[in-house]
Amino acid sequence: MMERPICHLQSMNGELLTDIMSRVDGPALASVASTCSELRGIARDQSLWKKLCHSRWPSTALEEAEHLISGSVHGCFDKFYSDACPLVLYDEVANANSLKVLECAELNPRTSPSDLLSLIDVYYKNKCVLSRISDGIPEAVDIFKHGLVDSSWEMIADERQKWFLNYPFKLELMDLKDDEDDDDEALASPISSLNEAGKSRENLCKKLIEDLRLSWILVDKKTGKAVNLSSWKPLSVQKNWPYHATYVMQFGCVLPVEESLLPQKLARFIVTTRFKITEREECLEWREISMRIENIEGAHVNGRSSLMILNKALYSQRSTNQFKVEEGLRKYEKQKREMMRRRESREALADRLFTFIEITVFVILYVALRLLV
């Protein structure tokens with residue numbers, strides 16, 4: 001019989017071990033917890049995980065988020081880190097198995113806009129330049145709350161609820177028009193070394209892709225489950241004409257869903273950031289930070305289906321391997337292009353068939369008229 005490995009750390013000072021553990025990252029701390037029982041207790045110290053969460057996502061240090069994560073009902077910081085650190089992975093084989101599990105699992109069927117909390121952090125050169133919290137879905141959270149007693153308000157709430165459930169879903173942290181110049185509402189993030197890219201539009205776009213990162217963590221306040229809906233790295237960046245200093249950058253992920261939700265069985269989360277780059281002050285002036293859900297054809301998903309998809313995202317397949325995440329997104333884009341090509345081929349074939357039928361009918365009518373004359 002093999003003897004159980006002996007851990008020789010019992011003789012070490014507990015404070016020294018805690019100090020050592022505070023210097024490692026999340027994956028390393030999780031690995032240490034599985035080595036021996038002596039280290040497990042120290043590695044699960046919530047103060048260590050709290051420090052890691054605050055360092056990685058400064059929005060978790062904001063009062064509402066910290067209260068939610070540390071609450072005994074919703075678990076603790078180590079659970080939150082394990083949920084939010086990996087990104088949603090699109091892999092046809094793995095997601096097919098995951099989808100079968102989700103169909104059998106008991107998901108929260110009554111997720112409402114007021115149950116959701118979004119933690120948004122934006123980074124430039126690995127330094128957080130913007131942290132915000134969005135509680136619920138501002139456009140819809142009020143209409144799902146109970147306690148409306150006035151009949152006229154009930155009627156208005158019912159109409160607004162129908163509007164939210166049936167119209168395209170969009171969760172906005174902020175949305176200012178490009179031609180508006182409202183310094184009170186716009187958020188500014190100071191940055192540095194942006195002028196090193198020069199005046200070239202291509203160079204500046206390339207630098208933004210290299211240096212800007214975004215995290216959008218969705219939390220279910222009832223269950224404490226969390227998921228990061230961002231791709232971390234930008235998927236695209238473009239200059240928004242005719243507003244010369246405005247750029248649009250997109251992040252996101254892809255999630256497989258049931259055919260009953262979307263016929264194409266794929267939902268894409270798109271996080272859009274729109275910002276201006278000031279010339280005299282090196283800072284980003286944020287005009288829009290929002291999230292929407294599209295199907296594979298690019299059509300916006302309505303509020304009813306979006307709530308179900310958001311709920312499923314909390315239980316999705318994930319990975320900490322950035323290469324696998326990016327490879328999955330590339331496969332999705334390839335699949336999307338192939339599907340669009342097949343649809344265009346079918347439409348072209350239908351057009352040719354319709355034209356052939358029209359010509360045939362015209363010839364038959366012409367010949368029939370000639371015979372009658």
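**Close-up 1. Strand S10 and its neighbours S9 and S11.** In this predicted model, strand S10 (residues 266-277) runs antiparallel to strand S11 (residues 283-295), and 11 bridges join the two. To find your way along that pairing, look for Ala-267, which stands opposite Asn-295 in S11. S10 also pairs with strand S9 (residues 246-256), again in the antiparallel sense and over 11 bridges. A handy landmark there is Phe-251, whose bridge partner in S10 is Val-271.

**Close-up 2. Both faces of S10.** In a regular strand, side chains alternate between the two faces of the sheet. Here Leu-266, Arg-268, Ile-270, Thr-272, Arg-274 and Lys-276 point one way from S10, while Ala-267, Phe-269, Val-271, Thr-273, Phe-275 and Ile-277 point the other way. Is this set buried or exposed? All of these residues are buried. With 12 of its 12 residues buried, S10 is largely enclosed by the rest of the structure.

**Close-up 3. A salt-bridge network that includes Arg-274.** Salt bridges link Lys-170, Glu-172, Arg-274 and Glu-288 into a network. Zoom in on Glu-288 and Lys-170, which form a salt bridge with their closest N and O atoms 3.3 Å apart. This pair links distant parts of the chain, since Glu-288 sits in strand S11 and Lys-170 in strand S4 (residues 170-175), 118 residues apart. Glu-288 is buried, at a relative accessible area of 8%, whereas Lys-170 has 32% relative accessibility and counts as partly exposed.

**Close-up 4. Two more of the salt bridges.** Side chains of opposite charge can pair when their charged atoms come close. The count for this model comes to 19 salt bridges, and two of them are picked out here. Glu-258 and Lys-312 meet through their side chains at 2.9 Å, N to O. Glu-258 lies in the loop between S9 and S10 and Lys-312 in helix H10 (residues 303-313), so this salt bridge ties together parts that are 54 residues apart in sequence. Both Glu-258 and Lys-312 are buried. The other salt bridge joins Asp-211 and Lys-207, with the closest N and O atoms 3.2 Å apart. These two are four residues apart in helix H9 (residues 201-211), which means about one helical turn separates them. Asp-211 counts as buried at 11% relative accessibility, and Lys-207 is buried too, at 12%.

**Close-up 5. Strand S2 between S3 and S6.** Strand S2 (residues 116-124) runs antiparallel to strand S6 (residues 212-220), with nine bridges joining them. Check Ser-118 for the register: its bridge partner in S6 is Leu-218. S2 also pairs with strand S3 (residues 127-135) in the antiparallel sense, over eight bridges. In that pairing, Tyr-123 stands opposite Cys-128 in S3. The hairpin of S2 and S3 has two residues between the strands, and Lys-125 takes a positive phi near 55° there. As for the faces of S2, Leu-116, Ser-118, Ile-120, Val-122 and Tyr-124 point one way and Leu-117, Leu-119, Asp-121 and Tyr-123 the other. Nine of the nine S2 residues are buried, so the strand is largely enclosed by the rest of the structure.

**Close-up 6. Two separate nonpolar cores.** The largest nonpolar core has 48 residues, and those touching the most other members are Leu-229, Phe-269, Phe-275, Met-291, Ile-309 and Leu-310. Apart from it lies another core, of 28 residues, including Leu-17, Val-32, Phe-77 and Tyr-123.

**Close-up 7. An aromatic cluster.** The model's count of aromatic pairs comes to seven. How do the rings of Trp-57 and Phe-80 sit: stacked or edge-to-face? Their centres are 5.7 Å apart and their planes are at 90°, so the pair is edge-to-face. Trp-57 is in the loop between helix H4 (46-56) and helix H5 (63-70), and Phe-80 is in helix H6 (residues 77-84), so this contact links distant parts of the chain, 23 residues apart. Trp-57 and Phe-80 are both buried. Ring pairs bring Trp-49 and Tyr-81 into a cluster with Trp-57 and Phe-80.

**Close-up 8. A nonpolar patch on the surface.** Ile-359, Phe-362, Val-363, Tyr-366, Val-367 and Leu-371 make up a nonpolar surface patch of about 640 Å². One of them, Val-363, lies in helix H11 (residues 322-372). Val-363 is partly exposed, with a relative accessible area of 43%.

Terms used. Residues numbered from 1 in each chain as written. Predicted model: local features only at pLDDT ≥ 70, side-chain atom pairs only at ≥ 80, totals over all residues. Heavy atoms only, no water. Buried < 20%, exposed > 50% of the residue type's maximum accessible area, 1.4 Å probe, protein only. Pairing = 2+ DSSP bridges. Phe/Tyr/Trp six-rings, centres within 6.5 Å; stacked < 30°, edge-to-face > 60°. Patch = residues over 30% accessible without salt bridge, like charges linked within 9 Å, V, L, I, M, F, W, Y side chains within 5 Å. Areas by Shrake-Rupley, 256 points an atom, 1.4 Å probe, with all protein chains shown as cover. Salt bridge = Lys/Arg side-chain N within 4 Å of Asp/Glu carboxyl O. Core = buried A, V, L, I, M, F, W, Y, C linked by side-chain atoms within 4.5 Å.
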